[in-house]
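Please look over the structure below before reading on. The briefing that follows takes up the pocket, the strands and the helix in turn.

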Amino acid sequence: MSTEEIRAIELLTRVSYGRVATSMRAMPFVAPARHVVTGGSVLLRMHAGHGYHRACGGGVVAYGADNFSSDEPDRWSVQFTGTAEIIQPTAPEVELFGGGPHRVDGEPFDPVYMRLVPQFVTVHTLDYSRERRSQHAA
């Protein structure tokens with residue numbers, strides 16, 4: 001793994017949710033997903049009731065997460081792009097996710113799992129921790 005990939009994985013472990021993006025019937029969509037990192041891949045859990053996993057499975061997806069809603073002085077965003085595969089996770093992998101929501105958009109939560117093996121990784125950072133000194137200060 002490159003330094004950028006290691007950094008992205010480390011950042012991703014700091015948050016629990018992100019967004020998966022792909023297209024369905026030639027229309028782009030973005031959907032929320034829960035993620036865990038294991039064995040160099042990203043496991044995603046989504047609600048099966050919307051059918052989004054069918055558009056993702058076997059196709060190229062982008063998965064992004066960030067800490068933009070945190071109180072941390074440094075903001076970051078990571079994106080993983082690769083092929084998603086619908087999987088039946090092992091019991092230990094399911095445990096990594098923890099409990100799911102009871103309902104999604106009024107429907108009982110029905111989890112479906114995918115494995116994303118990243119082929120491209122991008123990290124963006126926004127640094128708010130240092131004050132800029134005015135060039136005109138005396």
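## The largest pocket and its surroundings

The lining of the largest pocket is made up of 9 nonpolar, 3 polar and 4 charged residues. The model is a predicted one, and what follows describes this pocket, the barrel of strands, strand β3 with its partners, and a helix that lies across several strands.

**The pocket**

- The space in the largest pocket comes to about 220 Å³, and 16 residues line this pocket.
- Nearest the centre of the largest pocket lie Pro32, Ala33, Met46, His47 and Val104.
- At least two lining residues come from each of β1, β2 and β3, while β2, with 4 residues, gives the largest share of the lining.

**The barrel**

- A barrel is closed by 6 strands, which follow one another in the order β1-β2-β3-β8-β5-β4 with antiparallel pairing, and the twist from one strand to the next averages 40°.
- Strands of a sheet are paired through hydrogen bonds of the backbone, in either a parallel or an antiparallel manner.
- Strand β1, which covers residues 17-24, is joined to strand β4, residues 60-66, by 3 bridges, and these two strands run antiparallel.
- Across the pairing of β1 with β4, Ala21 has Ala62 of β4 standing opposite.

**Strand β3 and its partners**

- β3 spans residues 41-47, and 7 of its 7 residues are buried, so that the strand is mostly covered.
- Ser41, Leu43, Arg45 and His47 are buried on one side of β3, and Val42, Leu44 and Met46 are buried on the other, which leaves both faces of the strand covered.
- Two of these buried residues of β3, Met46 and His47, are also among the residues that lie nearest the centre of the largest pocket.
- β2 and β3 run antiparallel and are joined by 5 bridges, with His35 standing opposite Leu44 in β3.
- The hairpin formed by β2 and β3 has 2 residues between the strands, and within this hairpin Gly39 adopts a positive phi near 60°.
- β3 also pairs with β8 in the antiparallel sense, over 6 bridges, and Leu43 has Arg115 in β8 as its bridge partner.

**The helix across the strands**

- Helix α1, made up of residues 3-12, lies across β2, β3, β4, β5 and β8, each of which is also a strand of the barrel.
- With respect to β5, which covers residues 74-87, helix α1 runs at about 95°.

How values were computed
Residues numbered from 1 in each chain as written. Predicted model: local features only at pLDDT ≥ 70, side-chain atom pairs only at ≥ 80, totals over all residues. Heavy atoms only, no water. Pairing = 2+ DSSP bridges. Axes fitted to C-alpha atoms, helices over the stretch in contact; angles between N-to-C directions. Contact = heavy atoms within 4.5 Å. 1 Å grid on protein atoms, 1.4 Å probe; cavity = no way out; pocket = protein on both sides within 12 Å on 5 of 7 lines; lining within 4 Å. Points joined across faces, edges and corners; volume = space filled by probe spheres on them. Nonpolar A, V, L, I, M, F, W, Y, C, P; charged D, E, K, R; others polar. Buried < 20%, exposed > 50% of the residue type's maximum accessible area, 1.4 Å probe, protein only.
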